[in-house]
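Please look at the sequence and the model together before reading on. The paragraphs below lead through the structure step by step, and it helps to find each named part as it comes up.

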Amino acid sequence: MVIIHLKQENVEVELLWVAGHVDIPSNELADKAAKHAALEAAGWRQDEDQSIKTLQEVKLQIRKCVMADWQRGWDSQNEGRFTHNLYPTVSTKPMSTHFSRDVDIKLNRLQSGHTLLPSHAHKLGITNTDLCSCGNDVGTINHVILHCSNHTAARGTLITKVEEIYRKSNTPYHKRTVDLSTLLGQNQTLSTDVRLSITKATASFIADSKAKI
Ligand SMILES: [Zn+2]
């Protein structure tokens with residue numbers, strides 16, 4: 001844009017490669033001003049840290065400012081509080097139960113209530129029946145996670161894991177439920193650590209059961 005503007009003013013512009021800024025006073029001054037402008041744009045004030053010298057340090061400082069701003073926004077929003085409880089600290093790494101992406105997607109579908117299970121697929125007109133492949137009941141989230149005879153073995157492992165999580169965390173007995181909201185990490189009466197551990201156990205169930213969710 002600047003070049004076009006200058007050409008309109010009949011100023012000849014030629015682009016040349018020049019050596020680095022080091023030891024050229026005016027260039028060093030320009031470099032320093034650019035760094036400060038970048039830092040100020042990221043919310044940093046000049047009096048905060050006079051020790052920043054290199055571009056690497058500038059990038060690090062900007063990253064810190066951006067992450068802090070993101071964290072403040074994440075902490076103060078009204079939406080997404082369930083997810084905030086599970087993942088209170090923002091991160092550029094994907095939120096994950098450490099299972100495959102496929103399992104994470106299925107877990108997310110269960111938590112949001114939008115699945116490919118027969119009850120939902122039938123409502124969307126994707127399938128002719130809402131019956132589960134076991135033939136015993138409608139294929140709802142509740143049925144597949146808690147009752148379906150196709151997943152009895154995987155469910156047994158899941159319940160054993162959940163009981164172990166409760167025991168190790170000394171969770172009070174009256175809070176030791178194994179219902180759907182608990183298994184999906186949505187039981188607000190449990191601590192964040194326990195909820196996250198149970199969610200991971202459910203992710204393991206999803207992987208073991210190979211259910212089409
Ligand atoms: Zn079933």
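**A walk through the helices**

In this predicted model, Ala154, Arg155, Thr157, Leu158, Lys161, Val162 and Ile165 of helix α8 meet a set of residues in helix α10, namely Val194, Ser197, Ile198, Ala201, Thr202, Phe205, Asp208 and Ser209. The axes of α8, which covers residues 152–168, and α10 are 9 Å apart and form an angle of about 165°. At that angle, α8 is roughly antiparallel to α10. The crossing of α8 and α10 is, in addition, right-handed.

It helps to step back from this pair and consider the whole protein. Its secondary structure consists of ten helices and zero strands, so that reading from the N terminus gives the order α-α-α-α-α-α-α-α-α-α. Of the 213 residues in the protein, 18% are buried. Among the contacts with a separation of 6 or more, 42% are between residues that lie 24 or more positions apart.

We can now return to α8 and examine it by itself. Its 17 residues should span 24 Å at 1.5 Å a residue, and this agrees with the model, because the end C-alpha atoms of α8 are 24 Å apart. The buried residues of α8 are Arg155, Leu158, Val162, Ile165 and Tyr166. Seen down the axis of α8, these buried residues fall within an arc of 95°, so they line one face of the helix. A general rule helps in reading such a pattern: an α-helix has 3.6 residues a turn, so residues three or four places apart point the same way. Part of the cover over the buried residues of α8 comes from α10, whereas on the other side of α8 the residues Ala153, Gly156, Thr160, Glu163, Glu164, Arg167 and Lys168 are exposed.

The partner helix, α10, has 18 residues, and the distance from its first C-alpha to its last is 25 Å, close to the 26 Å expected at 1.5 Å a residue. Its buried residues are Val194, Arg195, Ser197, Ile198, Ala201, Thr202, Ala203, Phe205, Ile206 and Ser209. Several of these names have already appeared in the meeting with α8, including Val194, Ser197 and Phe205.

What follows each of these two helices? After α8 comes asparagine 170, with a positive phi near 55°, and after α10 comes lysine 210, with a positive phi near 55°. As background, most residues other than glycine have a negative phi. Asparagine 170 has its positive phi although it is not a glycine, and lysine 210 likewise has a positive value in a residue other than glycine. Asparagine 170 is found in the loop between α8 and α9, the latter being residues 180–183, while lysine 210 is found in the segment after α10. Asparagine 170 counts as exposed because it has 7 C-beta neighbours inside 10 Å, and lysine 210 is exposed, with 10 other C-beta atoms within 10 Å.

Helix α10 also takes part in covering another helix, α5. Helix α5, residues 101–112, has twelve residues and reaches 16 Å from its first C-alpha to its last, close to the 16 Å expected at 1.5 Å a residue. Which residues of α5 are buried? They are Val103, Lys106, Leu107 and Leu110. These residues cover an arc of only 100° around the axis, which puts them on the same side of α5. There they pack against α7, residues 141–147, and α10, residues 192–209. The face of α5 turned away from the buried side carries the exposed residues Arg101, Ile105 and Ser112. Helix α5 is followed by glycine 113, whose phi is positive, near 85°.

One last stop is a residue in a loop. Cysteine 132 is found between α6, residues 118–123, and α7. Is cysteine 132 buried or exposed? Cysteine 132 is buried, because 21 other C-beta atoms lie within 10 Å, and a residue is counted as buried from 20 upwards. Apart from its neighbours within four places in sequence, cysteine 132 is in contact with Pro118, Asp137, Val138, Gly139, His143, Val144 and Cys148. The C-alpha atom of cysteine 132 is also separated by 9.5 Å from that of asparagine 150, which is 18 residues apart from it along the chain.

Note on methods: Residues are numbered from 1 along each chain as its sequence is written. This is a predicted model: local features need pLDDT of at least 70, side-chain atom pairs count only at pLDDT 80 or more; totals for chains, interfaces and linings use all residues. Helices (H or I, at least four residues) and strands (E, at least two) are DSSP runs, numbered from the N terminus. The expected span of a helix is 1.5 Å times one less than its number of residues. A residue is buried if 20 or more other C-beta atoms lie within 10 Å of its own, exposed if 12 or fewer, and partly exposed in between; C-beta atoms are placed from the backbone. The arc is that of the directions from the helix axis to the C-beta atoms. Two residues are in contact if their C-beta atoms, placed from the backbone, lie within 7 Å. Axes are lines fitted to C-alpha atoms, for helices over the stretch in contact, and angles run from 0 to 180 degrees between N-to-C directions. Angles under 35 degrees count as roughly parallel, over 145 as roughly antiparallel, 65 to 115 as roughly perpendicular and the rest as oblique. A crossing is left-handed if the near helix is turned anticlockwise from the far one by less than a right angle, and right-handed if clockwise.
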